[in-house]
Amino acid sequence: MHEITHFTVVAGTGDWVYGQAAAGSDPARAVDNADSHEYFRENEPRRSLRTRR
């Protein structure tokens, strides 16, 4: 996930900081940081595509 976000057609991210604790330390740069994207994907809760009844 980290490396794929570097591609311009995906997100064109940079490597501002490394590590989960550091990835969210600067919100202005977090959207342009590859590790931030990686950790968001790894930690986001899975959502069911089915409608609950």
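**View 1. A nonpolar patch on the surface.** Met 1, Ile 4, Phe 7, Val 9 and Val 10 come together here as a nonpolar surface patch. Taken together, these five side-chain owners put about 560 Å² of accessible area on show. Keep in mind while looking that this is a predicted model. Phe 7, one of the patch members, belongs to the segment before α1 (20-23). Its relative accessible area is 52%, so Phe 7 counts as exposed, the cut-off being over 50%.

**View 2. The whole chain, for orientation.** Step back for a moment and you'll find three helices and zero strands, running α-α-α from the N terminus on. The chain has 53 residues, and 23% of them count as buried. Its accessible surface adds up to about 4600 Å², with 54% of that belonging to carbon and sulfur atoms. If you look at contacts with a separation of 6 or more, 22% of them are between residues 24 or more positions apart.

**View 3. How confident is the prediction along the chain?** The average pLDDT of the chain is 84, and 85% of the residues score at least 70. Which element comes out lowest in confidence, and which highest? That would be α1 at the low end, with a mean of 81, and α3 at the high end, with 89. As a rule of thumb, predicted coordinates shouldn't be read in detail where pLDDT is low.

**View 4. Helix α3 and what covers it.** This close-up follows α3, residues 34-43. Ala 34, Asp 35, Ser 36, Glu 38 and Tyr 39 are the buried residues to look for in this helix. What covers them includes α1 and α2 (27-30). Arg 41 is in α3 too, but with a relative accessible area of 35% it is partly exposed. That label fits because 35% falls between the cut-offs of 20% for buried and 50% for exposed. Arg 41 also makes a handy landmark for the start of the chain: its C-alpha is 7.9 Å from that of Met 1, although the two are 40 residues apart in sequence.

**View 5. Asn 33, in the loop between α2 and α3.** Is Asn 33, which sits in this loop, buried or exposed? Its relative accessible area is 1%, so Asn 33 is buried, a label that takes under 20%. Zoom in on the side chain and you can follow it to the backbone nitrogen of Trp 16, at 2.9 Å. Setting aside neighbours within four places in sequence, Asn 33 is in contact with Thr 13, Gly 14, Asp 15, Trp 16, Val 17 and Ala 23.

**View 6. Thr 5 and its partner Thr 13.** Thr 5 is in the segment before α1, and it is buried, with a relative accessible area of 2%. Which side chain does the side chain of Thr 5 make a polar contact with? The partner is Thr 13, at 2.9 Å. Once residues up to four places away in sequence are left out, Thr 5 touches Val 10, Ala 11, Gly 12, Thr 13, Ala 34 and His 37. Two names in that list turn up in other views: Val 10 is in the nonpolar patch, and Ala 34 is among the buried residues of α3.

**View 7. Tyr 18, exposed but still in touch.** Tyr 18 is another residue of the segment before α1. At 56% relative accessibility it clears the 50% cut-off and therefore counts as exposed. Its side chain is joined to that of Asp 15 by a polar contact of 3.1 Å. Beyond residues up to four places away in sequence, Tyr 18 touches His 2 and Asp 35; Asp 35 is one of the buried residues of α3. For a sense of spacing, the C-alpha atoms of Tyr 18 and Ala 34 are 8.5 Å apart, with their positions 16 residues apart in sequence numbering.

**View 8. Ala 21, on helix α1.** The last close-up is of Ala 21, which lies in α1. How much relative accessible area does Ala 21 have? The figure is 77%, so Ala 21 is exposed. Measure across to Tyr 39 and you get 9.8 Å from C-alpha to C-alpha, for residues 18 apart in sequence. Tyr 39 itself is buried in α3, and α1, where Ala 21 lies, is part of what covers the buried residues of that helix.

Conventions
Residues numbered from 1 in each chain as written. Predicted model: local features only at pLDDT ≥ 70, side-chain atom pairs only at ≥ 80, totals over all residues. Heavy atoms only, no water. Patch = residues over 30% accessible without salt bridge, like charges linked within 9 Å, V, L, I, M, F, W, Y side chains within 5 Å. Areas by Shrake-Rupley, 256 points an atom, 1.4 Å probe, with all protein chains shown as cover. Salt bridge = Lys/Arg side-chain N within 4 Å of Asp/Glu carboxyl O. Helix = DSSP H or I, 4+ residues; strand = E, 2+ residues; numbered from the N terminus. Buried < 20%, exposed > 50% of the residue type's maximum accessible area, 1.4 Å probe, protein only. Contact = heavy atoms within 4.5 Å. pLDDT = per-residue confidence, 0-100. Polar contact = N/O pair within 3.5 Å; in protein donor to acceptor, adjacent residues only side chain to side chain.
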